[in-house]
Amino acid sequence: MSLLKRLGGPPQPGANSIPSAPEPTPAATIPPPSEQRSSPQADKPSPPVAANDPPAAAKPSLSSRVDAPAADSSDMAASTSQDEMKRMLDLSLWVVDRIQASLGSQTVLKQTPETERLLQERFAAIYRQANANLPDDKVKYLFTMVCDELLGFGPIQQLLNDDSVSEVMVNGPNKVYIEQKGKLKLSAVSFANDEHVLKVIDRIIRPLGRRVDRKWPMVDARLPDGSRVNAIIPPCAIDGSTITIRKFSKNKLQISDLIKFGSLTSEMGEFLEACVVSRLNVVVSGGTGSGKTTLLNVLSNFIPSDERIVTIEDSAELQLAQDHVVRLEAKPAEVDGSGRVAIRDLVINSLRMRPERVVIGECRGGETLDMLQAMNTGHDGSLTTLHANTPRDAIARMETMAMMAGMDLPVRVIREQIAAAVDLIVQQTRLDDGQRKVSYITEVQGMEGDVVVLQDIFALDIKGKTAEGKIMANLKPTGVRPRFTPRLEAHGFKLPPSIFGAQVPGGKKW
Ligand SMILES: Nc1ncnc2c1ncn2[C@@H]1O[C@H](COP(=O)(O)OP(=O)(O)OP(=O)(O)O)[C@@H](O)[C@H]1O
Ligand SMILES: [Mg+2]
(Lines give C-alpha, C1' and ligand atoms only; values in the text may rest on other atoms or scores of the structure.)
(Ligands and ions follow the chains in the order given, each with its own letter.)
Protein backbone atom coordinates (compact mmCIF):
# COMPACT_ATOMS: atom_id res chain seq x y z
CA MET A 1 0.00 0.00 0.00
CA SER A 2 1.30 3.47 -0.82
CA LEU A 3 2.15 5.91 1.88
CA LEU A 4 -0.43 8.27 0.48
CA LYS A 5 -3.18 5.76 1.20
CA ARG A 6 -1.71 5.08 4.58
CA LEU A 7 -1.72 8.78 5.39
CA GLY A 8 -5.46 8.73 5.09
CA GLY A 9 -6.07 5.35 6.66
CA PRO A 10 -5.79 3.61 10.02
CA PRO A 11 -2.41 2.32 11.24
CA GLN A 12 -1.33 -0.67 9.19
CA PRO A 13 0.27 -3.84 10.45
CA GLY A 14 3.94 -3.75 9.56
CA ALA A 15 4.18 0.01 9.82
CA ASN A 16 7.19 -0.53 12.03
CA SER A 17 8.90 -2.93 9.68
CA ILE A 18 12.21 -2.23 7.91
CA PRO A 19 11.49 -0.36 4.66
CA SER A 20 11.73 -2.15 1.40
CA ALA A 21 14.26 0.40 0.23
CA PRO A 22 17.84 -0.69 -0.33
CA GLU A 23 19.73 -1.08 2.92
CA PRO A 24 21.41 2.13 3.97
CA THR A 25 25.14 2.36 3.60
CA PRO A 26 27.17 1.38 6.70
CA ALA A 27 27.73 5.06 7.42
CA ALA A 28 24.02 5.52 7.47
CA THR A 29 23.31 2.69 9.86
CA ILE A 30 25.51 4.05 12.64
CA PRO A 31 24.30 7.41 13.78
CA PRO A 32 27.02 9.81 14.86
CA PRO A 33 27.63 9.92 18.63
CA SER A 34 25.93 13.27 19.03
CA GLU A 35 22.85 11.85 17.38
CA GLN A 36 22.92 8.76 19.54
CA ARG A 37 22.79 11.05 22.55
CA SER A 38 20.14 13.48 21.51
CA SER A 39 18.36 12.28 18.41
CA PRO A 40 14.67 11.90 19.07
CA GLN A 41 14.61 9.61 16.09
CA ALA A 42 17.03 7.09 17.52
CA ASP A 43 14.29 4.85 18.85
CA LYS A 44 11.84 5.63 16.11
CA PRO A 45 10.34 3.07 13.79
CA SER A 46 11.39 2.81 10.17
CA PRO A 47 9.28 4.75 7.70
CA PRO A 48 5.76 3.52 7.26
CA VAL A 49 6.11 2.26 3.69
CA ALA A 50 5.43 -1.13 2.14
CA ALA A 51 7.38 -3.30 -0.30
CA ASN A 52 4.94 -3.19 -3.18
CA ASP A 53 4.90 0.54 -3.79
CA PRO A 54 5.35 1.57 -7.42
CA PRO A 55 8.99 2.13 -8.37
CA ALA A 56 10.03 5.64 -7.61
CA ALA A 57 11.94 5.88 -10.88
CA ALA A 58 8.62 6.03 -12.72
CA LYS A 59 7.79 9.31 -11.00
CA PRO A 60 8.82 12.75 -12.21
CA SER A 61 12.30 13.90 -11.17
CA LEU A 62 12.33 14.48 -7.45
CA SER A 63 14.69 17.39 -7.47
CA SER A 64 12.23 19.24 -9.64
CA ARG A 65 9.49 18.35 -7.19
CA VAL A 66 11.32 19.69 -4.13
CA ASP A 67 13.15 22.61 -5.69
CA ALA A 68 11.41 24.99 -3.30
CA PRO A 69 9.81 24.46 0.05
CA ALA A 70 6.05 24.11 -0.21
CA ALA A 71 4.75 27.63 -0.64
CA ASP A 72 1.66 26.86 1.35
CA SER A 73 3.37 25.02 4.19
CA SER A 74 1.31 26.51 6.97
CA ASP A 75 -1.89 25.96 4.98
CA MET A 76 -0.80 22.36 4.58
CA ALA A 77 -0.35 22.03 8.33
CA ALA A 78 -3.72 23.64 8.87
CA SER A 79 -5.53 21.47 6.33
CA THR A 80 -3.92 18.18 7.32
CA SER A 81 -5.30 16.09 10.16
CA GLN A 82 -3.22 15.48 13.24
CA ASP A 83 -2.89 11.77 12.38
CA GLU A 84 -1.63 12.57 8.91
CA MET A 85 0.77 15.13 10.28
CA LYS A 86 2.11 12.57 12.73
CA ARG A 87 2.79 10.10 9.93
CA MET A 88 4.45 12.79 7.82
CA LEU A 89 6.55 13.65 10.85
CA ASP A 90 7.62 10.01 11.28
CA LEU A 91 8.66 9.83 7.65
CA SER A 92 10.47 13.17 7.77
CA LEU A 93 12.45 12.09 10.85
CA TRP A 94 13.38 8.85 9.16
CA VAL A 95 14.70 10.84 6.21
CA VAL A 96 16.49 13.24 8.55
CA ASP A 97 18.22 10.36 10.31
CA ARG A 98 19.56 9.09 7.04
CA ILE A 99 20.63 12.50 5.77
CA GLN A 100 22.47 13.14 9.01
CA ALA A 101 24.14 9.75 8.87
CA SER A 102 25.20 10.32 5.29
CA LEU A 103 26.70 13.71 6.14
CA GLY A 104 28.75 12.47 9.09
CA SER A 105 28.85 13.72 12.62
CA GLN A 106 31.19 16.64 11.91
CA THR A 107 28.91 18.42 9.52
CA VAL A 108 27.37 21.57 10.88
CA LEU A 109 24.61 22.67 8.58
CA LYS A 110 24.10 26.35 7.89
CA GLN A 111 21.29 27.87 5.92
CA THR A 112 22.97 28.62 2.59
CA PRO A 113 21.97 27.96 -1.03
CA GLU A 114 24.67 25.22 -1.17
CA THR A 115 23.20 23.48 1.88
CA GLU A 116 19.76 23.63 0.37
CA ARG A 117 21.05 22.10 -2.85
CA LEU A 118 22.86 19.40 -0.89
CA LEU A 119 19.76 18.61 1.13
CA GLN A 120 17.68 18.52 -2.00
CA GLU A 121 19.99 15.89 -3.51
CA ARG A 122 20.17 13.78 -0.37
CA PHE A 123 16.46 14.06 0.18
CA ALA A 124 15.74 12.95 -3.37
CA ALA A 125 17.97 9.88 -3.02
CA ILE A 126 16.63 8.85 0.37
CA TYR A 127 13.02 9.55 -0.49
CA ARG A 128 13.47 7.22 -3.46
CA GLN A 129 14.67 4.52 -1.06
CA ALA A 130 11.55 5.01 1.04
CA ASN A 131 9.52 4.14 -2.04
CA ALA A 132 6.73 6.41 -0.83
CA ASN A 133 4.20 7.49 -3.38
CA LEU A 134 3.22 10.93 -2.18
CA PRO A 135 1.54 13.58 -4.30
CA ASP A 136 3.74 16.54 -5.24
CA ASP A 137 2.42 18.94 -2.64
CA LYS A 138 3.06 16.41 0.13
CA VAL A 139 6.57 15.65 -1.16
CA LYS A 140 7.31 19.36 -1.06
CA TYR A 141 5.90 19.60 2.40
CA LEU A 142 7.95 16.59 3.48
CA PHE A 143 11.07 18.30 2.16
CA THR A 144 10.10 21.44 4.09
CA MET A 145 9.74 19.34 7.25
CA VAL A 146 13.15 17.80 6.68
CA CYS A 147 14.77 21.23 6.14
CA ASP A 148 13.02 22.60 9.23
CA GLU A 149 14.37 19.67 11.22
CA LEU A 150 17.92 20.09 10.00
CA LEU A 151 18.15 23.87 9.72
CA GLY A 152 15.29 25.32 11.76
CA PHE A 153 13.28 24.67 14.88
CA GLY A 154 11.68 21.43 13.74
CA PRO A 155 7.91 21.04 13.76
CA ILE A 156 7.22 24.59 14.96
CA GLN A 157 9.28 26.29 12.24
CA GLN A 158 6.31 26.67 9.90
CA LEU A 159 4.26 28.23 12.69
CA LEU A 160 7.10 30.66 13.33
CA ASN A 161 7.19 31.51 9.61
CA ASP A 162 3.46 32.17 9.49
CA ASP A 163 2.87 35.89 10.08
CA SER A 164 -0.73 35.29 11.10
CA VAL A 165 0.45 33.29 14.14
CA SER A 166 1.35 35.55 17.05
CA GLU A 167 2.17 32.99 19.72
CA VAL A 168 3.29 29.34 19.71
CA MET A 169 2.80 27.19 22.81
CA VAL A 170 4.23 23.67 22.96
CA ASN A 171 2.65 21.74 25.84
CA GLY A 172 4.65 18.53 25.61
CA PRO A 173 5.15 16.64 22.35
CA ASN A 174 1.54 16.16 21.36
CA LYS A 175 -0.14 19.48 21.97
CA VAL A 176 1.02 22.57 20.15
CA TYR A 177 -1.30 25.54 20.55
CA ILE A 178 -1.15 28.78 18.59
CA GLU A 179 -2.66 32.21 18.89
CA GLN A 180 -4.11 33.48 15.65
CA LYS A 181 -6.24 36.63 15.32
CA GLY A 182 -6.32 36.91 19.09
CA LYS A 183 -7.72 33.37 19.54
CA LEU A 184 -6.03 30.29 20.96
CA LYS A 185 -6.33 27.05 19.01
CA LEU A 186 -4.73 23.61 18.85
CA SER A 187 -2.53 23.23 15.77
CA ALA A 188 -2.07 20.01 13.78
CA VAL A 189 1.66 20.10 14.52
CA SER A 190 3.30 17.67 16.97
CA PHE A 191 6.69 16.37 18.02
CA ALA A 192 7.86 12.76 17.96
CA ASN A 193 8.40 12.60 21.73
CA ASP A 194 9.70 14.64 24.65
CA GLU A 195 13.30 14.15 23.50
CA HIS A 196 12.37 15.83 20.25
CA VAL A 197 10.99 18.88 22.10
CA LEU A 198 14.18 18.97 24.17
CA LYS A 199 16.25 18.91 21.02
CA VAL A 200 14.44 21.99 19.71
CA ILE A 201 14.86 23.76 23.07
CA ASP A 202 18.55 22.93 22.92
CA ARG A 203 18.79 24.32 19.42
CA ILE A 204 17.18 27.57 20.59
CA ILE A 205 19.34 28.12 23.66
CA ARG A 206 22.70 26.59 22.72
CA PRO A 207 23.83 29.51 20.49
CA LEU A 208 23.13 31.80 23.45
CA GLY A 209 25.39 29.75 25.72
CA ARG A 210 22.40 28.82 27.88
CA ARG A 211 21.54 25.47 29.38
CA VAL A 212 18.52 23.77 30.79
CA ASP A 213 18.53 20.53 32.75
CA ARG A 214 16.84 18.75 35.64
CA LYS A 215 18.77 20.88 38.10
CA TRP A 216 17.55 24.21 36.68
CA PRO A 217 14.72 23.23 34.36
CA MET A 218 13.65 26.62 33.01
CA VAL A 219 15.14 29.19 30.73
CA ASP A 220 14.28 32.46 28.99
CA ALA A 221 15.77 33.08 25.59
CA ARG A 222 15.25 34.79 22.30
CA LEU A 223 15.12 33.51 18.76
CA PRO A 224 17.44 35.14 16.22
CA ASP A 225 14.50 37.23 14.99
CA GLY A 226 13.88 38.64 18.49
CA SER A 227 10.91 36.43 19.44
CA ARG A 228 10.66 35.88 23.18
CA VAL A 229 11.00 32.26 24.34
CA ASN A 230 10.43 30.54 27.66
CA ALA A 231 11.10 26.85 28.11
CA ILE A 232 10.45 24.69 31.13
CA ILE A 233 11.12 20.98 31.25
CA PRO A 234 10.48 18.05 33.62
CA PRO A 235 10.50 17.59 36.54
CA CYS A 236 8.90 21.04 36.89
CA ALA A 237 6.82 20.69 33.70
CA ILE A 238 4.81 17.66 34.71
CA ASP A 239 3.30 16.72 31.34
CA GLY A 240 6.39 17.21 29.22
CA SER A 241 8.73 19.92 28.05
CA THR A 242 6.94 23.16 27.39
CA ILE A 243 7.92 26.02 25.11
CA THR A 244 6.16 29.38 24.93
CA ILE A 245 7.10 31.73 22.11
CA ARG A 246 5.78 35.27 21.81
CA LYS A 247 6.58 36.02 18.23
CA PHE A 248 8.37 39.20 17.45
CA SER A 249 6.22 41.23 15.12
CA LYS A 250 8.42 42.62 12.39
CA ASN A 251 6.04 45.49 11.98
CA LYS A 252 5.16 46.64 15.46
CA LEU A 253 1.64 47.97 15.62
CA GLN A 254 1.41 51.74 15.29
CA ILE A 255 -1.12 54.10 16.82
CA SER A 256 -2.95 54.14 13.47
CA ASP A 257 -3.24 50.31 13.61
CA LEU A 258 -4.63 50.38 17.14
CA ILE A 259 -7.19 52.99 16.07
CA LYS A 260 -8.06 50.95 12.97
CA PHE A 261 -8.56 47.81 15.12
CA GLY A 262 -10.83 49.77 17.45
CA SER A 263 -8.42 49.34 20.37
CA LEU A 264 -8.68 53.03 21.06
CA THR A 265 -10.24 56.09 19.43
CA SER A 266 -8.32 58.81 17.64
CA GLU A 267 -9.31 61.19 20.47
CA MET A 268 -7.75 58.82 23.00
CA GLY A 269 -4.63 58.63 20.84
CA GLU A 270 -4.43 62.41 20.65
CA PHE A 271 -4.83 62.67 24.41
CA LEU A 272 -2.15 60.02 25.10
CA GLU A 273 0.28 61.74 22.74
CA ALA A 274 -0.21 65.00 24.61
CA CYS A 275 0.36 63.22 27.94
CA VAL A 276 3.61 61.60 26.81
CA VAL A 277 5.03 64.73 25.19
CA SER A 278 4.09 66.72 28.32
CA ARG A 279 6.24 64.34 30.42
CA LEU A 280 3.50 62.73 32.44
CA ASN A 281 4.46 59.50 34.20
CA VAL A 282 2.38 56.80 32.60
CA VAL A 283 1.77 53.20 33.69
CA VAL A 284 0.26 50.74 31.22
CA SER A 285 -1.61 48.09 33.17
CA GLY A 286 -3.07 44.85 31.83
CA GLY A 287 -3.31 41.08 32.01
CA THR A 288 -0.95 38.60 30.36
CA GLY A 289 -0.81 39.06 26.62
CA SER A 290 -3.31 41.93 26.72
CA GLY A 291 -1.08 44.17 24.61
CA LYS A 292 0.83 46.14 27.27
CA THR A 293 4.21 46.06 25.55
CA THR A 294 2.62 46.96 22.22
CA LEU A 295 0.94 49.98 23.77
CA LEU A 296 4.12 50.96 25.64
CA ASN A 297 5.93 50.86 22.30
CA VAL A 298 3.31 53.13 20.73
CA LEU A 299 3.45 55.55 23.67
CA SER A 300 7.27 55.57 23.71
CA ASN A 301 7.27 56.55 20.07
CA PHE A 302 5.47 59.78 21.06
CA ILE A 303 8.59 60.86 23.01
CA PRO A 304 10.13 63.81 21.13
CA SER A 305 13.19 62.74 19.18
CA ASP A 306 15.50 65.30 20.81
CA GLU A 307 15.23 63.59 24.23
CA ARG A 308 17.67 60.96 25.49
CA ILE A 309 15.77 57.74 26.16
CA VAL A 310 16.98 54.76 28.19
CA THR A 311 14.91 51.59 27.82
CA ILE A 312 15.16 48.76 30.34
CA GLU A 313 13.71 45.35 29.58
CA ASP A 314 13.91 41.75 30.64
CA SER A 315 13.95 40.72 27.05
CA ALA A 316 14.27 43.52 24.51
CA GLU A 317 10.94 43.89 22.69
CA LEU A 318 10.55 47.62 22.26
CA GLN A 319 11.25 49.14 18.86
CA LEU A 320 11.66 52.87 19.13
CA ALA A 321 11.92 55.02 16.04
CA GLN A 322 13.99 57.72 17.78
CA ASP A 323 17.76 57.89 17.22
CA HIS A 324 18.94 58.73 20.69
CA VAL A 325 17.99 55.53 22.52
CA VAL A 326 20.13 53.44 24.88
CA ARG A 327 18.74 49.94 25.22
CA LEU A 328 19.46 47.94 28.36
CA GLU A 329 18.52 44.32 28.92
CA ALA A 330 18.56 42.29 32.14
CA LYS A 331 20.96 39.36 32.30
CA PRO A 332 20.26 35.97 33.80
CA ALA A 333 22.71 34.35 36.19
CA GLU A 334 25.62 32.30 34.89
CA VAL A 335 25.63 28.52 35.31
CA ASP A 336 27.14 28.89 38.80
CA GLY A 337 24.29 31.18 39.84
CA SER A 338 26.37 34.38 39.91
CA GLY A 339 26.34 37.40 37.64
CA ARG A 340 22.64 38.13 37.47
CA VAL A 341 21.77 41.69 36.48
CA ALA A 342 18.16 42.38 37.40
CA ILE A 343 15.82 45.08 36.10
CA ARG A 344 16.29 46.76 39.47
CA ASP A 345 20.04 47.06 38.96
CA LEU A 346 19.47 48.53 35.53
CA VAL A 347 16.94 51.09 36.79
CA ILE A 348 19.45 52.25 39.40
CA ASN A 349 22.21 52.32 36.80
CA SER A 350 20.10 54.17 34.27
CA LEU A 351 19.76 57.14 36.60
CA ARG A 352 23.50 57.70 36.25
CA MET A 353 23.19 57.78 32.48
CA ARG A 354 21.65 61.24 32.22
CA PRO A 355 18.33 59.94 30.96
CA GLU A 356 15.64 62.34 29.92
CA ARG A 357 13.20 59.46 29.75
CA VAL A 358 13.32 56.05 31.36
CA VAL A 359 11.12 53.40 29.77
CA ILE A 360 10.86 50.20 31.81
CA GLY A 361 9.45 47.26 29.87
CA GLU A 362 7.68 45.80 32.88
CA CYS A 363 7.77 46.27 36.66
CA ARG A 364 7.56 42.92 38.40
CA GLY A 365 9.16 43.51 41.78
CA GLY A 366 11.37 45.77 43.86
CA GLU A 367 12.36 47.91 40.86
CA THR A 368 8.93 49.54 41.24
CA LEU A 369 10.20 51.46 44.27
CA ASP A 370 13.28 52.66 42.37
CA MET A 371 11.06 53.70 39.49
CA LEU A 372 8.69 55.63 41.78
CA GLN A 373 11.62 57.36 43.42
CA ALA A 374 13.06 58.24 40.03
CA MET A 375 9.70 59.64 38.91
CA ASN A 376 9.53 61.70 42.10
CA THR A 377 13.04 63.05 41.81
CA GLY A 378 13.06 64.76 38.48
CA HIS A 379 12.92 61.84 36.03
CA ASP A 380 9.39 62.60 34.98
CA GLY A 381 8.01 61.43 31.69
CA SER A 382 8.81 57.82 32.54
CA LEU A 383 6.77 54.97 31.17
CA THR A 384 6.30 51.37 32.26
CA THR A 385 3.87 48.45 32.31
CA LEU A 386 2.66 46.09 35.01
CA HIS A 387 0.28 43.17 35.43
CA ALA A 388 -3.08 44.24 36.86
CA ASN A 389 -6.71 43.92 35.84
CA THR A 390 -8.01 47.39 36.71
CA PRO A 391 -6.45 50.79 37.42
CA ARG A 392 -7.32 50.37 41.10
CA ASP A 393 -5.66 46.97 41.06
CA ALA A 394 -2.59 48.57 39.45
CA ILE A 395 -2.21 50.82 42.50
CA ALA A 396 -2.38 47.79 44.81
CA ARG A 397 0.17 45.93 42.64
CA MET A 398 2.58 48.85 42.77
CA GLU A 399 2.27 48.89 46.57
CA THR A 400 3.02 45.19 46.81
CA MET A 401 5.89 45.35 44.34
CA ALA A 402 7.43 48.40 46.02
CA MET A 403 7.40 46.44 49.29
CA MET A 404 9.42 43.72 47.56
CA ALA A 405 12.33 46.17 47.52
CA GLY A 406 12.73 45.26 51.19
CA MET A 407 13.11 48.82 52.44
CA ASP A 408 10.55 48.34 55.22
CA LEU A 409 8.67 51.49 54.29
CA PRO A 410 5.20 51.92 55.80
CA VAL A 411 2.37 51.28 53.31
CA ARG A 412 1.18 54.83 53.65
CA VAL A 413 4.55 56.18 52.55
CA ILE A 414 4.61 53.90 49.53
CA ARG A 415 1.06 54.91 48.68
CA GLU A 416 1.98 58.58 48.88
CA GLN A 417 4.92 57.95 46.57
CA ILE A 418 2.64 56.25 44.07
CA ALA A 419 0.08 59.07 44.23
CA ALA A 420 2.81 61.67 43.77
CA ALA A 421 4.70 59.84 41.02
CA VAL A 422 2.13 58.29 38.70
CA ASP A 423 -0.02 60.65 36.65
CA LEU A 424 -1.89 58.26 34.40
CA ILE A 425 -2.84 54.59 34.24
CA VAL A 426 -3.77 53.19 30.84
CA GLN A 427 -5.58 49.90 31.25
CA GLN A 428 -5.23 47.41 28.39
CA THR A 429 -7.66 44.49 28.23
CA ARG A 430 -7.97 41.34 26.14
CA LEU A 431 -11.69 40.70 25.77
CA ASP A 432 -13.12 37.17 25.75
CA ASP A 433 -13.49 37.24 21.96
CA GLY A 434 -9.77 38.01 21.49
CA GLN A 435 -10.09 41.77 20.85
CA ARG A 436 -7.56 43.92 22.67
CA LYS A 437 -8.69 47.32 23.83
CA VAL A 438 -7.71 50.20 26.03
CA SER A 439 -10.46 49.81 28.62
CA TYR A 440 -9.61 52.77 30.88
CA ILE A 441 -7.48 55.86 30.81
CA THR A 442 -7.42 56.95 34.42
CA GLU A 443 -5.87 59.95 36.14
CA VAL A 444 -4.16 59.47 39.50
CA GLN A 445 -5.28 62.63 41.27
CA GLY A 446 -3.57 62.30 44.65
CA MET A 447 -4.47 61.12 48.14
CA GLU A 448 -7.59 61.62 50.18
CA GLY A 449 -6.95 60.26 53.65
CA ASP A 450 -5.46 56.82 53.12
CA VAL A 451 -6.90 56.37 49.65
CA VAL A 452 -5.33 57.08 46.26
CA VAL A 453 -7.90 59.02 44.28
CA LEU A 454 -8.48 57.84 40.71
CA GLN A 455 -10.57 59.52 38.03
CA ASP A 456 -11.44 57.79 34.76
CA ILE A 457 -11.02 60.06 31.74
CA PHE A 458 -11.99 57.41 29.17
CA ALA A 459 -13.77 54.10 29.83
CA LEU A 460 -14.95 51.10 27.85
CA ASP A 461 -18.67 50.59 27.70
CA ILE A 462 -19.58 46.97 26.82
CA LYS A 463 -22.88 46.77 24.95
CA GLY A 464 -23.25 43.03 24.38
CA LYS A 465 -22.33 40.41 21.79
CA THR A 466 -23.13 39.96 18.12
CA ALA A 467 -24.56 36.64 16.88
CA GLU A 468 -20.99 35.66 15.86
CA GLY A 469 -19.78 36.17 19.44
CA LYS A 470 -17.96 39.47 18.79
CA ILE A 471 -18.13 41.77 21.78
CA MET A 472 -19.61 45.18 20.99
CA ALA A 473 -18.10 47.94 23.03
CA ASN A 474 -17.74 51.72 22.86
CA LEU A 475 -14.74 53.64 24.08
CA LYS A 476 -16.04 56.84 25.56
CA PRO A 477 -14.78 59.88 27.40
CA THR A 478 -16.34 60.18 30.84
CA GLY A 479 -16.84 63.92 30.41
CA VAL A 480 -14.25 64.80 33.04
CA ARG A 481 -11.23 66.90 32.10
CA PRO A 482 -8.09 65.76 33.90
CA ARG A 483 -6.64 67.94 36.63
CA PHE A 484 -3.30 67.94 34.85
CA THR A 485 -4.78 69.80 31.84
CA PRO A 486 -2.66 72.93 32.65
CA ARG A 487 0.49 70.78 32.25
CA LEU A 488 -0.65 69.75 28.79
CA GLU A 489 -1.41 73.37 27.94
CA ALA A 490 2.04 74.42 29.14
CA HIS A 491 3.45 72.07 26.50
CA GLY A 492 1.28 73.62 23.83
CA PHE A 493 -1.59 71.10 23.82
CA LYS A 494 -4.90 72.88 23.79
CA LEU A 495 -7.06 69.81 23.51
CA PRO A 496 -10.54 70.54 22.20
CA PRO A 497 -13.42 69.88 24.61
CA SER A 498 -14.71 67.25 22.14
CA ILE A 499 -11.87 64.94 23.20
CA PHE A 500 -13.32 64.79 26.67
CA GLY A 501 -16.88 64.27 25.52
CA ALA A 502 -18.26 67.65 24.51
CA GLN A 503 -20.22 67.42 21.25
CA VAL A 504 -17.91 69.52 19.06
CA PRO A 505 -16.76 68.15 15.69
CA GLY A 506 -13.03 67.97 14.96
CA GLY A 507 -10.02 66.14 16.33
CA LYS A 508 -6.80 64.84 14.86
CA LYS A 509 -6.96 61.85 12.55
CA TRP A 510 -4.11 59.38 12.21
N1 LIG B 1 -4.48 46.44 20.20
C2 LIG B 1 -4.13 45.26 19.68
N3 LIG B 1 -4.89 44.69 18.73
C4 LIG B 1 -4.55 43.49 18.22
N5 LIG B 1 -3.47 42.76 18.59
C6 LIG B 1 -2.69 43.30 19.53
C7 LIG B 1 -2.97 44.56 20.13
N8 LIG B 1 -2.03 44.81 21.05
C9 LIG B 1 -1.19 43.76 21.02
N10 LIG B 1 -1.58 42.86 20.11
C11 LIG B 1 -0.93 41.57 19.85
O12 LIG B 1 -1.11 40.79 21.02
C13 LIG B 1 0.05 40.03 21.31
C14 LIG B 1 0.50 40.35 22.72
O15 LIG B 1 0.92 41.68 22.79
P16 LIG B 1 1.97 42.21 23.84
O17 LIG B 1 3.25 41.47 23.76
O18 LIG B 1 2.01 43.68 23.67
O19 LIG B 1 1.22 41.81 25.20
P20 LIG B 1 1.72 41.93 26.70
O21 LIG B 1 0.55 42.35 27.51
O22 LIG B 1 2.92 42.79 26.78
O23 LIG B 1 2.10 40.42 27.01
P24 LIG B 1 2.92 39.83 28.25
O25 LIG B 1 2.02 39.90 29.43
O26 LIG B 1 3.20 38.43 27.84
O27 LIG B 1 4.16 40.68 28.38
C28 LIG B 1 1.05 40.40 20.24
O29 LIG B 1 1.00 39.41 19.26
C30 LIG B 1 0.56 41.72 19.69
O31 LIG B 1 0.91 41.91 18.33
MG1 LIG C 1 4.80 42.43 27.58
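A residue counts as near a molecule or strand when its C-beta atom, placed from the backbone, lies within 6 Å of it. By this criterion 16 residues surround ligand 1, and Ser 166, Ser 263, Gly 291, Thr 293 and Thr 294 come nearest. The model examined here is predicted, with local features needing pLDDT of at least 70 and side-chain atom pairs counting only at pLDDT 80 or more, whereas totals for chains, interfaces and linings use all residues. Residues are numbered from 1 along each chain as its sequence is written, while chains are lettered from A and ligands numbered from 1 in the order in which they are written.

The shell around ligand 1 comprises three nonpolar, 10 polar and three charged residues (nonpolar are Ala, Val, Leu, Ile, Met, Phe, Trp, Tyr, Cys and Pro; charged are Asp, Glu, Lys and Arg; the others, Gly among them, are polar). Helix H13 gives the most to this shell, with three residues. Helices (H or I, at least four residues) and strands (E, at least two) are DSSP runs numbered from the N terminus.

We turn next to the sheet that H13 lies across. Nine strands form an open sheet of mixed pairing, in the order S9-S8-S10-S11-S7-S12-S13-S14-S15; two strands pair if DSSP finds at least two bridges between them. Strand S9 (325-329) and strand S15 (471-477) stand at the edges with a single partner strand each, so one side of each is left without a neighbour in the sheet. On average, neighbouring strands are turned by 25 degrees against each other, direction ignored. Axes here are lines fitted to C-alpha atoms, for helices over the stretch in contact, and angles run from 0 to 180 degrees between N-to-C directions. Helix H13 (residues 292-300) lies across strands S7 (282-286), S10, S11 (383-387) and S12 (424-430), and runs at about 170 degrees to S11.

Within this sheet, S8 (residues 309-313) and S10 (residues 357-360) pair in the parallel sense over four bridges, with Thr 311 opposite Val 359 in S10. S12 and S13 (residues 436-448) are instead antiparallel, over seven bridges, and Val 426 stands opposite Ile 441 in S13. Five residues lie between S12 and S13 in their hairpin, where Gly 434 in the turn has a positive phi of about 100 degrees. S13 also pairs with S14 (residues 451-465), in the antiparallel sense over eight bridges; the hairpin of S13 and S14 has two residues between the strands, and Gly 449 takes a positive phi near 65 degrees.

Val 426 and Ile 441 appear again in the largest nonpolar core, of 58 residues, where they and Val 282 touch the most other members. Such a core is a set of buried Ala, Val, Leu, Ile, Met, Phe, Trp, Tyr and Cys residues joined through C-beta atoms within 7 Å, buried meaning that 20 or more other C-beta atoms lie within 10 Å of a residue's own. Helix H12 (residues 266-277) supplies the largest share, six residues. A second, separate core of 47 residues includes Ile 99, Leu 134, Ile 201 and Ile 243.

Another open sheet has six strands in the order S3-S2-S1-S6-S5-S4, with antiparallel pairing. Its edge strands, S3 (183-186) and S4 (218-222), each pair on one side only. Five bridges join S5 (residues 228-232) to S6 (residues 242-246), and Asn 230 stands opposite Thr 244 in S6.

Conventions: Contact = placed C-beta atoms within 7 Å. Buried ≥ 20, exposed ≤ 12 C-beta atoms within 10 Å, placed from the backbone.
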